[in-house]
Amino acid sequence: MATEINYLPANLKNKYILARHGYSLANDAGIICSNPEIAIPATGGPLGDGYGLHAKGKLQVKESATRLVEYLYPNGYNGDEEEPIKVFCSPFKRTKETAAIFCDTLNNDAFAGKQVVAPATEAYALRERWFGNYDMKSDDLYDECWAADAEEPDHGENSTHDVESPNAVCARATKFILDEIESKMQGKTVLLVAHGDIFQIMGAAFLRIEPWRQRQLAHVNTAEWRSVDQLKLQ
């Protein structure tokens, strides 16, 4: 794949885990919420405090984070690193709340209450894919976006609905990983908390396949996480 699309180095210095936010108020309303001006602030939304997690989603994430602790440290943490895990998240309210639950659960369950895992670093590059004219409309319209991604020869590059292309999402996400993670640290477990489409597109990048093929990966559900070595095509 051309370097301007996938910036991931051939040999990664860190271990990556991708996570999708928990069931959100937008999910519950059945709408696409991809506009940063709507999805980031702690205002608006059905409850007046933004488009964050639904109560169901908070429970989902807690359960998922507990499974992550068991996956990473089945026999408890025996290392001596000061900061073995780094967490980065999209700045959207639902992903920030998801990341906070992951961090708290890791600290409490894996590190005996010690604040070993620092609060998540927000990364605008990990934001939701922009769904253009479909934003704040029915989430049934995702199927139209994904169908356009699969169409030859453009594969979503010239959307008539102003949807961000898979290539553009891949480029911004993998450039962030290269510049802010791979170039600055090594030997870390890195948890990236983001959204469904960017999760799948990053997954395609880690598998070294074209970004538009993201729906060929097994679908990721809300609050679900996968390590890079668990990624696979359906």
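Select α6 (166–182) and α7 (196–206) in this predicted model. The residues of α6 that meet α7 are Pro 166, Val 169, Cys 170, Arg 172, Ala 173, Thr 174 and Ile 177. On the α7 side, show Ile 198, Ile 201, Met 202, Ala 205 and Phe 206. Colour this contact by class, and it has 10 nonpolar, 1 polar and 1 charged residues. Now look at the helix axes: those of α6 and α7 come within 9 Å and cross at roughly 70°. With angles of 65 to 115 degrees counted as roughly perpendicular, α6 is therefore roughly perpendicular to α7.

Stay on α6 and select Ile 177. Which residues is Ile 177 in contact with, leaving aside its neighbours within four places in sequence? They are Leu 8, Tyr 16, Glu 182, Leu 192, Met 202 and Phe 206.

Next, widen the selection to the core. Ile 177 is among the residues with the most contacts inside the largest nonpolar core, together with Phe 88, Phe 176, Ile 181, Leu 192 and Met 202. This core has 29 residues. Two or more residues come from each of β1 (15–20), α6, β4 (189–194) and α7. Which element gives the largest share? That is α7, with 7 residues. Another core lies apart from this one and has 25 residues. To find this other core, select Val 87, Val 116, Val 193 and Ala 223, which are among its members.

Keep Ala 223 selected. Ala 223 sits in the loop between α7 and β5 (225–227). Its phi is near 70°, a positive value in a residue other than glycine. Most residues other than glycine have a negative phi. Is Ala 223 buried or exposed? Its relative accessible area is 3%, so Ala 223 is buried.

Ala 112 is the next stop, in the loop between α4 and β3 (121–122). Here too the residue is not a glycine, and phi is positive, at about 50°. Ala 112 has 69% relative accessibility and therefore counts as exposed, while Ala 223 is buried.

From that loop, go to α4 (residues 93–110) and add α3 (residues 55–72). The axes of these two helices come within 9 Å and cross at roughly 45°. The helices α3 and α4 are therefore oblique to each other, and their crossing is right-handed. To show the contact, select Lys 58, Val 61, Lys 62, Ser 64, Ala 65, Thr 66, Leu 68, Val 69 and Leu 72 in α3. In α4, add Glu 97, Thr 98, Ile 101, Phe 102, Thr 105, Leu 106, Asp 109 and Ala 110. Sorted by class, the residues of this contact are 9 nonpolar, 4 polar and 4 charged.

Now select Glu 152 and Pro 153. The peptide bond from Glu 152 to Pro 153 is cis, with omega near 0°. Most peptide bonds are trans. Pro 153 belongs to the loop between α5 (142–150) and α6.

The last stop is on α6, at Glu 180. The relative accessible area of Glu 180 is 33%, so this residue is partly exposed. Add Thr 121 and draw a distance between the two C-alpha atoms. Glu 180 and Thr 121 are 59 residues apart along the chain, and their C-alpha atoms are separated by 11 Å.

How values were computed. Residues numbered from 1 in each chain as written. Predicted model: local features only at pLDDT ≥ 70, side-chain atom pairs only at ≥ 80, totals over all residues. Heavy atoms only, no water. Axes fitted to C-alpha atoms, helices over the stretch in contact; angles between N-to-C directions. Helix = DSSP H or I, 4+ residues; strand = E, 2+ residues; numbered from the N terminus. Parallel < 35°, antiparallel > 145°, perpendicular 65-115°, else oblique. Left-handed = near helix turned anticlockwise from the far one by under 90°. Contact = heavy atoms within 4.5 Å. Nonpolar A, V, L, I, M, F, W, Y, C, P; charged D, E, K, R; others polar. Core = buried A, V, L, I, M, F, W, Y, C linked by side-chain atoms within 4.5 Å. Buried < 20%, exposed > 50% of the residue type's maximum accessible area, 1.4 Å probe, protein only.
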